[in-house]
Amino acid sequence: MSMDSNSNALPSAPHAQAVSALNGTTSEGVGDAPATPSRSPGATRKLSNGTPSRAKRTGSTKAVKAARAKQGTRGNPLPALPTAARFQLLDRDQSILSFGERVLDWARRPDVPLLERVRYVCIVSSNLDEFFEVRAAAHMSAQLSGDKKGAYTDASFAALAERTHALVDEQYRIYNQELLPALEKRGIKVLSHSERNANQRRWVREYFLREVQPLLVPVGLDPAHPFPQVANKTLTFIVRLTGRDAFGRENEVAIVKVPRFLPRFLQIPAPRGSKQQHFVSISSLIRTHLVDLFPGRQVTEFSQFRVTRHSDLAVDEDEVKNLRTALRKGLQHRHYGQAVRLEVSAGCSDFLSDFLLQQFGLPLPALYRVPGPVNLVRLNQLIDLVDAPSMRFEHHAAGWPVQLTPGQSFFERLQQGDVLIHQPYEAFDAVLAFLREAVEDPNVLAIKQTIYRTGARSELMDLLREAVRRGKEVTAVVELKARFDEEANINYAERLESVGAQVVYGVVGLKTHAKMMLITRREQGRLVRYAHLSTGNYNPGTARLYTDVSHLTADETLTADVEHLFLHLASQNRLPRLNKALTAPFHLHKAMLERMEAAARAALAGQRARIVLKMNALTDEVLVRALAHASQCGVQVDVIVRGACILPPGLPGVSENIRIRSVIGRFLEHSRVFHFQIGDEDQLWLSSADWMNRNMLRRVELAWPVTDPHLKQRVIHECLDMYLADTRDAWLLQSDGSYQRVVPDSVTKGKGKGKPAAGVAAQATLMTRYGRKG
């Protein structure tokens with residue numbers, strides 16, 4: 001049954017909101033204003049109880065009970081429950097930072113291999129970098145202008161600064177007090193100058209003179225040499241000098257930029273037979289030899305520093321004639337946006353830090369004094385240099401998808417029924433094999449593909465180019481505005497065009513985020529379509545690290561819907577009514593609201609009403625308030641949301657039938673699954689979209705039903721039920737915005753006292769189930 005609207009014209013935001021009885025302002029996408037008013041989530045802490053069982057429908061409020069008594073026909077409006085529209089939402093930015101705290105917990109866990117614990121410190125730093133690059137500028141501007149009202153204020157800036165400082169302090173505490181001592185016990189040490197012996201100092205100096213000094217250009221600051229442009233996130237030194245320069249001037253401050261291509265860690269050769277692994281950081285190496293850069297002068301103070309800048313690329317698509325050209329120009333300026341954060345060494349003097357704050361126009365709370373490298377992300381290089389397999393995760397060899405037989409034709413297999421691939425437990429290589437067979441099959445006439453993030457040196461792109469060379473019609477919908485992948489996608493678009501592929505860039509004003517491939521094949525005198533749909537990107541690298549669901553199908557109705565969507569993206573013609581799939585920005589938002597309203601009606605009528613959702617983020621205010629309304633009507637709601645969430649669960653009379661959990665594991669949770677049990681109906685949807693305003697109203701997204709009973713049950717079990725039963729990697733969101741760690745019942749009942757709880761982990765179970773044996 002189609003849930004599409006009759007009109008497929010692009011809806012305005014007010015129209016999209018009006019489809020629900022619960023109107024409200026939409027929440028933000030990345031870079032937009034957070035929903036307000038808001039609660040600030042508290043600190044992450046552990047919870048000493050087990051996984052909550054599926055609660056019985058409670059009928060929690062008098063309003064609900066009265067509504068049940070008065071419930072009329074399906075066409076009547078739902079009773080107004082006054083608390084649904086007015087309760088306070090959680091703050092999105094605070095929720096993003098809370099996600100960072102949960103990730104950092106993996107760096108503390110003794111059951112995690114040591115080098116992987118270091119890697120989680122890197123991941124948190126990378127996430128924080130992106131947070132500042134995308135989310136912080138508006139708060140910073142509000143602080144500088146003293147704004148007291150609106151989505152961004154000086155108070156919102158202060159709250160974020162307090163939270164991020166605490167997170168950074170904990171990062172470095174773990175790094176310095178837990179991880180470095182543990183590495184040293186295993187013979188792995190990053191040596192400071194004072195810890196290096198004579199031979200090591202000699203090696204370091206020779207390396208500096210040979211490989212580093214020729215690439216450094218110290219700049220003394222004076223009226224003819226003003227403070228230089230410092231690019232986003234580059235390692236730089238600031239130096240205070242005494243004495244006079246070659247022209248007799250006392251310019252006391254100098255800047256030394258460190259090229260990005262220099263390795264951030266180097267392994268110092270060890271004596272023959274030694275099992276010790278010693279390293280030197282590039283910052284320590286340069287710091288030791290700063291005096292060599294300023295002959296005849298004395299270095300009295302110095303500090304490494306790194307400035308983070310706003311980097312969200314904005315292009316007015318209505319004004320530009322060529323989007324690709326405009327984006328290329330914008331990329332040239334991305335590294336020099338508004339400064340939002342300054343990191344310096346913990347021992348940096350007030351003179352130098354104040355000087356830098358003034359140069360970058362930053363307030364004091366934007367200053368981060370760190371006891372270690374200013375860029376912990378670069379610790380990934382150290383991890384890669386260390387030779388210690390036992391300190392890493394055991395290699396996970398993804399198994400060949402259980403529904404596929406190696407060597408069997410994909411086209412023959414799909415004529416027998418649909419196939420699901422649960423990544424990374426099952427190999428993404430099967431998706432590439434599907435495309436490879438299509439490229440090599442002379443009966444395949446056309447291939448259509450969306451491209452959002454495919455990674456560097458993409459085999460998929462090579463296959464599409466080969467398909468063109470073999471005479472097939474290839475259409476690629478390339479999203480040029482995929483954040484931080486713009487340049488790669490521009491290059492891919494040009495490479496495809498160079499061999500004759502038809503390349504389009506989607507719809508002006510919308511990002512094409514839907515993940516789909518369509519193959520048209522001639523079989524027995526007729527054209528047959530095959531499709532691959534996915535919750536994640538066509539990136540072999542992230543496919544080994546992200547959890548996603550791929551769906552291969554020859555279903556005539558569903559593949560026809562995919563064909564219509566591709567034609568819509570290429571031609572800009574009106575999208576016809578779809579029979580199975582749902583698309584944003586046309587139908588998906590409205591359809592989800594309709595499902596929640598139907599569940600609310602069922603609950604009020606005493607029928608089965610349950611919603612289980614899995615996604616990366618839940619920040620669309622209209623959908624959030626609709627979930628709260630459904631809860632008040634008695635619908636049982638479970639949400640598995642990895643990151644940002646603005647819905648406070650468990651509020652009496654508001655959201656007490658809602659439970660929200662976050663699972664942080666070895667792999668990044670990325671699949672989107674929506675399950676609605678309403679009366680006799682049982683609908684399961686897979687989607688490329690999170691429940692965010694940007695996904696619902698400002699992106700081209702796809703959701704599609706899983707109707708095969710066996711595949712449907714598999715998705716419910718592996719993507720929902722197992723995660724709701726997870727007692728090792730799961731956290732429960734509290735109504736105040738804090739997260740509490742779930743621990744097994746054996747701990748709460750006193751069993752296994754004094755020992756870390758093993759618990760049940762969904763990811764570990766699935767790795768064991770599908771991993772390649774031998």
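Tutor: Let's start with a word we will need: a residue counts as buried when its relative accessible area is under 20%, as exposed when it is over 50%, and as partly exposed in between. Please also keep in mind that this is a predicted model.

Student: Then let me try it out. Is tyrosine 207 buried or exposed?

Tutor: Tyrosine 207 has 12% relative accessibility, so it counts as buried. Tryptophan 203, at 23%, counts as partly exposed. These two residues both lie in helix α6, four residues apart, which is about one turn of the helix.

Student: How are the rings of tryptophan 203 and tyrosine 207 placed?

Tutor: Here is the general idea: a pair of aromatic rings is described by the distance of the centres and the angle of the planes. The structure holds 13 aromatic pairs. In the pair of tryptophan 203 and tyrosine 207, the ring centres are 5.6 Å apart and the planes make 20°, so the pair is stacked. The cut-off behind that word is an angle under 30 degrees. Elsewhere, Phe227, Phe305, Phe355 and Phe360 make up one aromatic cluster.

Student: You mentioned helix α6. What does it pack on?

Tutor: Let's build up the sheet before we come to the helix. In general, the strands of a sheet pair through backbone hydrogen bonds, either parallel or antiparallel. Here we have an open sheet of three strands in the order β4-β9-β8, with mixed pairing. At its edges stand β4 (188-190) and β8 (265-268); each has a single partner strand, so one side of each is left without a neighbour in the sheet. On average, neighbouring strands of this sheet are turned by 30° against each other, direction ignored. Now for the helix: α6 (residues 198-212) packs on this sheet and touches β8 and β9, with its direction at about 135° to that of β8.

Student: How many bridges join β8 to β9?

Tutor: There are four, and β8 and β9 (residues 277-281) run antiparallel. To find one spot on the model, look for isoleucine 268, which stands opposite histidine 278 in β9.

Student: Which residues have the most contacts inside the largest nonpolar core?

Tutor: In soluble globular proteins, nonpolar side chains tend to be buried together. The largest nonpolar core here has 116 residues, and those with the most contacts inside it are Leu285, Leu618, Leu627, Phe676 and Trp691. Helix α4 (residues 114-145) gives the largest share of this core, 12 residues. Another core lies apart from it, with 47 residues, including Leu684 and Val715. Going back to leucine 285, its contacts beyond four places in sequence are Val204, Tyr207, Phe208, Val212, Leu266 and Val280. Tyr207 is thus a residue you have met already, in helix α6.

Student: How many disulfides does a search of the whole structure find?

Tutor: A disulfide is a covalent bond between the sulfur atoms of two cysteines. The search finds zero of them. Two cysteines are still good practice for reading accessibility: cysteine 645 is buried at 1%, and cysteine 719 is buried at 2%.

Student: What about the backbone? Which residues have a positive phi?

Tutor: Most residues other than glycine have a negative phi, and most peptide bonds are trans. Among the exceptions is lysine 233, whose phi is about 60°. Lysine 233 sits in the loop between β5 (219-220) and β6 (236-242) and is partly exposed at 24%. Glutamine 572 has a positive phi too, near 70°; it is in the loop between α15 (556-571) and β21, and its relative accessible area of 43% makes it partly exposed.

Student: And where is a cis peptide bond?

Tutor: One runs from glutamine 423 to proline 424, with omega near 0°. Proline 424 belongs to the loop between β13 (419-423) and α12 (429-440). Another joins alanine 584 and proline 585, with omega about 10°; proline 585 is in the loop between β21 (582-584) and α16 (588-604).

Student: One last puzzle: how many residues apart in sequence are alanine 397 and arginine 772?

Tutor: They are 375 residues apart in sequence, but 5.3 Å apart in space, C-alpha to C-alpha. Alanine 397 lies in the loop between α10 (379-385) and α11 (410-416), touches Gly771 and Arg772, and is buried at 16%.

Conventions:
Residues are numbered from 1 along each chain as its sequence is written. This is a predicted model: local features need pLDDT of at least 70, side-chain atom pairs count only at pLDDT 80 or more; totals for chains, interfaces and linings use all residues. Side-chain values use heavy atoms; hydrogens and water are left out. Buried means under 20% relative accessible area, exposed over 50%, partly exposed in between (1.4 Å probe, protein chains only). Contact means heavy atoms within 4.5 Å. Two strands pair if DSSP finds at least two bridges between them. Axes are lines fitted to C-alpha atoms, for helices over the stretch in contact, and angles run from 0 to 180 degrees between N-to-C directions. A disulfide is a pair of cysteine sulfur atoms within 2.5 Å. A nonpolar core is a set of buried Ala, Val, Leu, Ile, Met, Phe, Trp, Tyr and Cys residues joined through side-chain atoms within 4.5 Å. Rings of Phe, Tyr and Trp (its six-membered ring) pair if their centres lie within 6.5 Å; planes under 30 degrees apart count as stacked, over 60 as edge-to-face and the rest as tilted.
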